[in-house]
Amino acid sequence: MNDARTTEIATSLAEVRERIRVASVAARRTEPTLIVVTKTWPADDVRRLASLGVTDVGENRDQEAAPKFDATVDLALRWHMVGQLQRNKANHVARYADVVHALDRAEIVTALDRGAGLAQRRIVGLIQVSLDGAEGRGGAAPESVAAIADQIANSEHLDLGGVMAVAPLGADPGHAFAELVRISDRLRSDYPGASMISAGMSEDLEQAVAAGATHLRVGSSILGMRSPAR
Ligand SMILES: *Cc1c(COP(=O)(O)O)cnc(C)c1O
């Protein structure tokens, strides 16, 4: 695909990659993996992104992700489910998700493990941590992380990947991501392989890189503003 939309995406993707490069140099860190969040945008945009070298895409709702995955199965992409997982959608999501970012309670871990078993696939699970001490944008309380980690690590079909967070609204994202990195440090003392830190979106990717994120989830800076905001 090589049309005006491809050119538009190529331009904004190059800008975001440059932001990541500059932030990584400043922080003296390895560049994190860029996950382009494609929610609300069509399967053709996924195709355009793949043609521009994107390897990882993210979605937040099964109803939207499943048909997009089916329309692009010919592409070698890693699919990330970055949104809250509903228990009754776990079997569906297990069919195509390579990484599920928002595991935050036992019943969801159990459901995803069962789904992965039925799909005969292994899935990487990240623990979503709530950094604002409230439910709001989802996530487990920091003190629950160790128990969820044990559950994922002992699951038959899941691999414990690490942690994920969304910066709390109205708070300093740098501060929040530093807290996430401390939680990741504690987790890795028990599970050295669980090194993924999924943090940083369009507005705060620089702070996430500075704190030590390994994976960034960027949507609107690359694909444009979503309407209505989601
Ligand atoms: C939509 C979404 C993103 C991407 O947000 P942008 O601000 O568009 O970059 C990242 N993470 C999650 C969990 C999301 O739902």
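How far is an oxygen atom of the ligand from an N or O atom in the side chain of Ser202? In this predicted model, the separation between that ligand oxygen and the side-chain N or O atom of Ser202 is 2.5 Å. A further side-chain approach is made by Lys39, of which an N or O atom lies 2.6 Å from an oxygen atom of the ligand, while Gly219 takes part through its backbone, with an N or O atom placed 2.8 Å from a ligand oxygen. The ligand, which taken alone exposes 390 Å², has 89% of that area buried by the protein.

The surroundings of the ligand comprise Val37, Lys39, Val82, Met164, Met201, Ser202, Arg217, Val218, Gly219, Ser220 and Arg226. By residue class, this shell is made up of five nonpolar, three polar and three charged residues.

Attention may then be turned to the protein interior. In soluble globular proteins, nonpolar side chains tend to be buried together. The largest nonpolar core of the model contains 63 residues, and within it Val100 and Ile222 have the most contacts. The element that gives the most to this core is helix α7, spanning residues 173-190, which supplies six residues. When neighbours within four places in sequence are set aside, Val100 is found in contact with Met81, Leu85, Val93, Leu112, Ile123, Val124, Gly125 and Leu126.

A second core, separate from the largest one, consists of six residues, among them Val124, Leu126, Met164 and Val166. Of these, Val124 and Leu126 also appear among the contacts of Val100, and Met164 is one of the residues around the ligand.

Terms used: Residues numbered from 1 in each chain as written. Predicted model: local features only at pLDDT ≥ 70, side-chain atom pairs only at ≥ 80, totals over all residues. Heavy atoms only, no water. Near = heavy atom within 4 Å. Polar contact = N/O pair within 3.5 Å; in protein donor to acceptor, adjacent residues only side chain to side chain. Areas by Shrake-Rupley, 256 points an atom, 1.4 Å probe, with all protein chains shown as cover. Nonpolar A, V, L, I, M, F, W, Y, C, P; charged D, E, K, R; others polar. Core = buried A, V, L, I, M, F, W, Y, C linked by side-chain atoms within 4.5 Å. Buried < 20%, exposed > 50% of the residue type's maximum accessible area, 1.4 Å probe, protein only. Helix = DSSP H or I, 4+ residues; strand = E, 2+ residues; numbered from the N terminus. Contact = heavy atoms within 4.5 Å.
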